[in-house]
Amino acid sequence: EKGGYDWFMLKEIAEQPQAVADTLLGRLGPAGELVLDEVRLSDQELRDVDKIFVVACGTAYHAGMIAKYAIEHWTRIPVEVELASEFRYRDPVLDRSTLVIVISQSGETMDTLMALRHAKEQKARILAICNANGSTIPRESDAVLYTHAGPEVAVASTKGFLTQVVACYLVGLFLAQVRGVKYADEVGAIVENLRKLPEHIATVLDEMEPVRELARNLADENTLLFLGRHVGFPVALEGALKLKELAYIHAEGFAAGELKHGSIALIDQGTPVVVVVPSPVSRGSVHGKVVSNIQEVRARGARTIVIAEDGDDDVVPYADHLIRVPRTPTLLAPVVTTVPLQVLACEIASARGLDVDQPRNLAKSVTVE
Ligand code: F6R
């Protein structure tokens, strides 16, 4: 049933091109328009939205962080992202014109469900992004967008995550469409690029042998640091979480710009640092700043593992290991840059002789608060 793979996780990583294609299936019209008939919120309700909360746990929370960048940029609606376990305990300001997007692969996560119920009591509209059909969270929501990733068996979420991110893009673009698109040209280009994502993920997966080799090489490390900026920041957090939960190695993700405010002190001779580099065409040129960060950590002894777009030559002199990904618009890049980090964590755990599919102390769906 693992389809020839050693682990369900490897099988699910390999299924990602198809999973993402299935999330998109039937939702992009021929003229690039979004077709989300299943979102049972009226156009008027969607036009009335003046604030969005994205609420989730763990990996799904990282998807929510990426959603914030995309949805705010496309819709100009303020978006806050919050851990479900924190959300209702701080008395968030919610009313009829608040849209709460809850993200959950299993649809059964208790923290997320309790946050949803709290938001509902305050009259907010609830849109669930969920994978498990008919689970509790979508049942209690006003509307649901299913990710259609297929069953995810491995405890660590992979295709669940990528498809959550893609579903968030669809919601953002749909809101922009209903409300009168501000960035009309850009949105058209984004839709074209969404269609290319499955192919880009497949390209990354075809080139994973060097990552597997690197993983064997890193198997005895005690610490790995992950740096990213803009949407690369949640990708760094996700890479670190995967490594912690699978390989039991201490790992931390940082916003690259925060490095100089403290965490750079952690860098020592040989410390492996994974850097998710934004596209050289990225907004406001954070690219150059991240390249400087790579130089800075390397000058302090770090061993740099750099994930960068094809054709980005600026990183070459500072990368001890270079992992290439296809060129993708900045906001969509997490769908490709996360993939090598999933493989890295999975292969490091494998090399350490651990049970990749069933890490210690973890359950697939967390039905207690
Ligand atoms: C990490 C992981 C968890 C889940 C989290 C939320 O790989 O799988 O962090 O993402 O427990 O689960 P769902 O999405 O089912 O609500």
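User: How do helix 4 and helix 8 pack, at what angle and how far apart are their axes?

Analyst: In this predicted model, helix 4 and helix 8 (residues 159–178) pack with their axes 9 Å apart, at an angle of about 25°. Helix 4 is therefore roughly parallel to helix 8, since angles under 35 degrees count that way.

User: Is that crossing left-handed or right-handed?

Analyst: Helix 4 passes helix 8 in a right-handed crossing.

User: Which residues make the contact?

Analyst: On helix 4, the residues are Thr-59, Ala-60, His-62, Ala-63, Ile-66, Ala-67, Ala-70, Ile-71, Trp-74 and Thr-75. On helix 8, they are Phe-161, Gln-164, Val-165, Cys-168, Tyr-169, Gly-172, Leu-173, Leu-175 and Ala-176.

User: And how many of those are nonpolar, polar or charged?

Analyst: The contact of helix 4 with helix 8 has 14 nonpolar and five polar residues, and no charged ones.

User: Switching to sheets. What is the strand order in the one with strands 1 to 5?

Analyst: That open sheet has five strands in the order 2-1-3-4-5, and the pairing is parallel.

User: Which strands stand at its edges?

Analyst: Strand 2 (79–83) and strand 5 (143–146) do. Each has a single partner strand, so one side of each is left without a neighbour in the sheet. From one strand to the next, the twist averages 20°.

User: How many bridges join strand 1 to strand 2?

Analyst: Five bridges join strand 1 (residues 51–56) to strand 2, and the two run parallel. One pair to look for is Val-54 with its bridge partner in strand 2, Val-81.

User: Where does helix 4 come in, which strands does it touch?

Analyst: Helix 4 (residues 58–75) packs on the sheet and touches strand 1, strand 2 and strand 3 (98–104). The direction of helix 4 makes about 175° with that of strand 2.

User: What about strand 3 and strand 4, how many bridges there?

Analyst: Strand 3 and strand 4 pair over six bridges, in the parallel sense. Ser-104 has Cys-130 of strand 4 as its bridge partner.

User: How many residues of strand 4 are buried?

Analyst: Five of the six residues in strand 4 (residues 125–130) are buried, and the strand is mostly covered.

User: What is the order in the sheet with strand 7 and strand 10?

Analyst: The order is 7-6-8-9-10. This is an open sheet of five strands with parallel pairing.

User: Why is one side of strand 7 left without a neighbour?

Analyst: Strand 7 (250–255) stands at an edge and has a single partner strand, so one side is left without a neighbour in the sheet. Strand 10 stands at an edge in the same way. The twist in this sheet averages 15° from one strand to the next.

User: Which strand is joined to strand 7, and by how many bridges?

Analyst: Strand 6 (residues 223–228) is joined to strand 7 by six bridges, and the two run parallel. Leu-227 has Phe-254 in strand 7 as its bridge partner.

User: Which strands does helix 10 touch?

Analyst: Helix 10 (residues 209–218) packs on this sheet and touches strand 6, strand 8 (272–276), strand 9 and strand 10. The direction of helix 10 makes about 160° with that of strand 9.

User: Back to helix pairs. How do helix 11 and helix 13 cross?

Analyst: The axes of helix 11 (residues 232–247) and helix 13 (residues 334–351) come within 9 Å and cross at roughly 20°. Helix 11 and helix 13 are therefore roughly parallel to each other. Their crossing is right-handed.

User: What is that contact made of?

Analyst: Helix 11 contributes residues including Val-235, Glu-238, Lys-242 and Leu-246. From helix 13 come, among them, Pro-334, Thr-337, Leu-341 and Ile-348. By class, the contact has 10 nonpolar, three polar and two charged residues.

User: Now single residues. Where is Val-316, and is it buried or partly exposed?

Analyst: Val-316 is in the loop between strand 9 (303–309) and strand 10 (321–325). With 42% relative accessibility, Val-316 counts as partly exposed. Leaving aside neighbours within four places in sequence, Val-316 is in contact with Leu-322 and Arg-324.

User: How far is Val-316 from Val-291?

Analyst: They are 25 residues apart in sequence and 9.8 Å apart in space, C-alpha to C-alpha.

User: Last one. Which helix holds Gln-44, and how far is Gln-44 from Arg-179?

Analyst: Gln-44 lies in helix 3 (residues 43–48) and is partly exposed, at a relative accessible area of 44%. Gln-44 and Arg-179 are 135 residues apart in sequence, while their C-alpha atoms are 9.1 Å apart in space.

How values were computed: Residues numbered from 1 in each chain as written. Predicted model: local features only at pLDDT ≥ 70, side-chain atom pairs only at ≥ 80, totals over all residues. Heavy atoms only, no water. Pairing = 2+ DSSP bridges. Helix = DSSP H or I, 4+ residues; strand = E, 2+ residues; numbered from the N terminus. Axes fitted to C-alpha atoms, helices over the stretch in contact; angles between N-to-C directions. Contact = heavy atoms within 4.5 Å. Parallel < 35°, antiparallel > 145°, perpendicular 65-115°, else oblique. Left-handed = near helix turned anticlockwise from the far one by under 90°. Nonpolar A, V, L, I, M, F, W, Y, C, P; charged D, E, K, R; others polar. Buried < 20%, exposed > 50% of the residue type's maximum accessible area, 1.4 Å probe, protein only.
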